[in-house]
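Here are some exercises to work through with the model open beside you. Try each one yourself before reading the solution.

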Amino acid sequence: VQLPDEALLAELFNDPAPLIREISLEALKRIGGTRVDGPLVKMLKDPDPNVKAAVLKHLAEVKSESLILPITEFIRNESDMDLIVHAVRCLREIGSLRATQEMFPLTDHTSWRVRAEAVEGVNKFFDDASHSSSTKITASVKNLASASFLNRLDDEDGFVVGKVAEGLQRIRTSDKEQQTALLAALDRALVRHPELAMVIVTNASHLDWPNYDFNGKLRDYCRHESSAIRAAAISQLVPVENERAFEEVRTTLTDQESMVRVASMNALALEIHRIVLDTTKREVQELAASMQKAEPTSVDDDSEAEKSAKGKSTVLGFIGGLFGAATSAREDYGSSSGLSAGSGPDAAQHTAQQADEVFANIIQGRKLSPEIYQFEEVLKQHLQNGSADEKLAAARCLAMLGDPDAMNFVMLSAKSGINLQSLAMLLPAIPWNERVELFRALMQSGVSSEDRAHVAEQLAVSSDPRGTEELWDIFAD
């Protein structure tokens, strides 16, 4: 295509017919879209903002480093904020180190929209770089990002702060001075934007805090005057402190605000889930050890003792995979004991009974951590008298403790198709009969493929061989 042809295509781009403009733009893109002196780049100086917007949209798809200079010049000279936002998106899509360096100054732009777009672009670069072995980020660039994000935590606009909170890991916490500055900025951001408490506290708790007890900070936040901050804090404290956070759980379970009570119960549900699986694993290990000691050292091929040993091997292989033990754990219980699983319907039936007995012994025998049972009464109160969210959160906790009323509530909720993914987490931590009933109810209620896939995944977590038949039925459908 010759230069006169480029001029003709550029003229056609101003045609009132949308199809003509689309065709001419595609042609211009093909013949010189990445050239600094190409027709598309020249059209960034067109007086019509619609033309410039369309050009920027197509340049974002080109993703060429040669466009960085003309785009940054466009940003400096343009006054239309909509178009500047489009131009920042071009830099974001180019995604290179050079493009990212041009976005750092834009995090201080007068327009909150431009600042948010620039922060998001920086976040994208670092996220992409973390998955690429070819992208090397220098210390100076990391320092620029850290300074920019720390500064923007004090942004007056909540949307910008939310974008910064999503990338808090950009802020360096390698020395005491930086940690002090970040902690002060976090406090200010939480006071100004309590609606962002969950994302701010969550991401802050995942940072490295050398020589500083951030869990102590979370404990302080659990007593904060803002209910949103209290809710965010307890949701993050329990998963990292486990039973050491039970004092805060006791306080927040009776908080005056429902959102805090719900957050506390949801965090407690995760802790009960962990305790159930850990306790079951320990019981299985003890059973495996006792059965291994009972095995005969040498037997004839067809002796009753060998049949008994094979049956025990099947039990170990079966039970070892239950309740979150997964494949590696199942290998621990089977291969590490020197046993291999047996086969046959009688053995399978026997192993199923053994597995159920292990679980029943734990739940009905109340063999979980003694501290967990202290919450039963307040949980039952929330199940009976709480809001809809409180009832669901309480039911999840109590169902794993073997409460029949809670399990009935869980089943009704599953059949209604509400909160399917939060109910699916119970599957590895409840007895088989309830597990398969809940699984079927969740699968029937699940509308989206994402929900159904998550439910199936949770059933598979338990590695119960009986679940294979349930999963095969899904594939059959």
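**Exercise 1. Which residues of helix 10 are buried, and what do they pack against?**

Start with the list: G158, V160, V161, G162, K163, V164 and A165 in helix 10 are buried. Keep in mind that we're working on a predicted model. Next, set that list against the whole element: helix 10 covers residues 158-166, and seven of its nine residues are buried, so the helix is mostly covered. Now look for what does the covering. The buried residues pack against helix 8 (112-130), helix 9 (139-152), helix 11 (176-192) and helix 12 (197-205).

**Exercise 2. Take stock of the whole protein: how many helices and strands are there, and what share of the residues counts as buried?**

First, the secondary structure: there are 26 helices and zero strands. Second, burial: of the 477 residues, 50% count as buried. Third, the surface: about 23,400 Å² is exposed, and carbon and sulfur atoms supply 50% of that area. Last, check how far along the chain the contacts reach. Taking contacts between residues at least 6 apart in sequence, 64% join residues at least 24 apart.

**Exercise 3. Find the residues that touch the most other members of the largest nonpolar core, and the helix that gives the most to it.**

Nonpolar side chains in soluble globular proteins tend to be buried together. Here, the largest nonpolar core has 123 residues, and the ones touching the most other members are L153, L186, L268 and L438. The top contributor to this core is helix 16 (residues 258-294), with 11 residues. To see one of those leucines at work, pick L438: leaving out residues up to four places away in sequence, L438 touches M407, V410, M411, A414, L423, L426, L427 and I430.

**Exercise 4. Is Q458 buried or exposed, and what does Q458 touch?**

Locate Q458 first: this glutamine sits in helix 25 (residues 449-461). Then read off its relative accessible area, which is 13%. The cut-off for buried is under 20%, so Q458 is buried. For its neighbours, skip residues up to four places away in sequence, and you're left with A424, M425, L427 and P428. Notice that L427 also turns up among the contacts of L438.

**Exercise 5. Describe the largest pocket: how much space lies in it, and which residues line it nearest its centre?**

Begin with the volume, about 260 Å³. Then go to the lining, which is made of 12 residues; L44, K45, P70, E73 and F74 lie nearest the centre of the pocket. Trace these walls back to secondary structure: helix 3 (39-42) and helix 5 (68-77) are the elements giving two or more residues to the lining. Helix 5 gives the most, with five residues. Finally, sort the lining by chemistry, and you get six nonpolar residues, one polar and five charged.

**Exercise 6. Where do K63 and R366 lie, and what is the sign of phi in each?**

Take K63 first. Its phi is near 60°, a positive value in a residue other than glycine. K63 belongs to the loop between helix 4 (49-62) and helix 5, and is partly exposed, at 47% relative accessible area.

Now R366. Phi is near 50° here, again positive in a non-glycine residue. R366 is in the loop between helix 19 (345-363) and helix 20 (376-385), and its 42% relative accessibility makes it partly exposed.

Terms used:
Residues are numbered from 1 along each chain as its sequence is written. This is a predicted model: local features need pLDDT of at least 70, side-chain atom pairs count only at pLDDT 80 or more; totals for chains, interfaces and linings use all residues. Side-chain values use heavy atoms; hydrogens and water are left out. A nonpolar core is a set of buried Ala, Val, Leu, Ile, Met, Phe, Trp, Tyr and Cys residues joined through side-chain atoms within 4.5 Å. Buried means under 20% relative accessible area, exposed over 50%, partly exposed in between (1.4 Å probe, protein chains only). Helices (H or I, at least four residues) and strands (E, at least two) are DSSP runs, numbered from the N terminus. Contact means heavy atoms within 4.5 Å. On a 1 Å grid over the protein atoms alone, a cavity is a set of points where a 1.4 Å probe fits but cannot get out, and a pocket is an open set with protein on both sides within 12 Å along at least five of seven lines; lining residues have an atom within 4 Å of a point. Grid points are joined across faces, edges and corners, and a volume is the space filled by probe spheres set on the points. Ala, Val, Leu, Ile, Met, Phe, Trp, Tyr, Cys and Pro count as nonpolar, Asp, Glu, Lys and Arg as charged, and the others, Gly among them, as polar. Accessible areas come from the Shrake-Rupley method with a 1.4 Å probe; for residues, only the protein chains shown count as cover.
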